[in-house]
Amino acid sequence: MTSRTWLGGITAVAVTTASLLIPATPASARTPHAAAPAQLAEPTSLDDNGEVSPFIIGGTDATENYPFAARVLTTFPGLGTAKCTGTFVSTPRGRIGVVSNAHCFELEGDTEPAPFTNVQVQAGSIHLDQLVTLNATGLQLHPEWDWMTGADRVADLAVIILPVPAGRRIRAIPIAEWVRAYQKVRLLGWGKTTYDATQPPPVLQQLDTRLATSSTCAVAGITAGELCVAAAANGGSPCFGDSGGPALARRAGSWALLGSASRGTDESTCTGAMIYTDATYYAGWIERTIDGKHKPYRPRPTAPSLTKRHWALAG
């Protein structure tokens, strides 16, 4: 298989956002119940700090509130906590869920993803110390997800279900209706801002770039249902902790979700092009899953060499 590093269309008319309330308890005030991070030998997926995959390198602090941005934490007992990014998405029926990537919730060799009881979503602010924590009530991985063990679509995609609690307001965005070649995109992520950083950034990071041709991401085995996102002009790119983070497109003054960070083409520096799961391609599955109409995920055996590039973006 090709080398890869797993990292944990826009509407033509004005888009509306859906709202939900989240509790006002700051994430920093909650008692963590994840196991202490541990250093793992290759080809495991968590780094010394429990990071699964990418952080945005070369980006800047968020210039907007991005009330739909989420930080996703998945506890793997005895190993640590995988830290990824996600996006609150609304369906045409008005229901809300969080879109992220499947590799954030499963370790190589496991026959099942982490239970939803091990998943938490932090949201409500672009400041790390002001995030509030929500417990997931459901987790669904795309039924075709298999760590690239075959020649079919990668389908690195997951949806987190969570309640609508009282408290602070966040907003969900729609999935874009279309995507075009070379269009400009904005990336968001809670990943590290330097390759050797040991902590996430205090402020959500953003990076402006554009889509590239599929051939630019060929080394990472791009398949149907995926987008190739070019590194920024300054070499900036997602890295550890940015997995599941959104690629956004803007239309009529609003943001819509184009895709979510899957894996990079350069696992050693986090400076190359990266592959995002195309949310416009999988919009039907995402919306059905949030609405409670999904097919079950059936895990398949995985070779250890296939997990490395995806986990490079998890933090």
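**Close-up views of the disulfides in a predicted model**

**View 1. Cys217 and its partner Cys228.** Cys217 has a relative accessible area of 0% and is therefore buried (buried means under 20% relative accessible area, exposed over 50% and partly exposed in between, with a 1.4 Å probe and protein chains only). Cys228, at 3% relative accessibility, also counts as buried. This is a predicted model, in which local features need pLDDT of at least 70 and side-chain atom pairs count only at pLDDT 80 or more, whereas totals for chains, interfaces and linings use all residues. Residues are numbered from 1 along each chain as its sequence is written, and side-chain values use heavy atoms, with hydrogens and water left out.

**View 2. The disulfide of Cys217 and Cys228.** The two residues are joined by a disulfide with an S to S distance of 2.1 Å (a disulfide is a pair of cysteine sulfur atoms within 2.5 Å). Because the torsion about the S-S bond is about 75°, this disulfide is right-handed. Cys217 sits in the loop between β13 (205–212) and β14 (226–229), and Cys228 in strand β14, so that distant parts of the chain, 11 residues apart, are linked (strands are DSSP runs of E, at least two residues, and helices runs of H or I, at least four, numbered from the N terminus).

**View 3. The disulfide of Cys84 and Cys104.** The sulfur atoms of Cys84 and Cys104 lie 2.2 Å apart in a disulfide, and the link is left-handed, with -105° about the S-S bond. Since Cys84 belongs to strand β5 (residues 80–90) and Cys104 to the loop between β6 (96–100) and β7 (119–123), the pair ties together parts that are 20 residues apart in sequence. Both Cys84 and Cys104 are buried.
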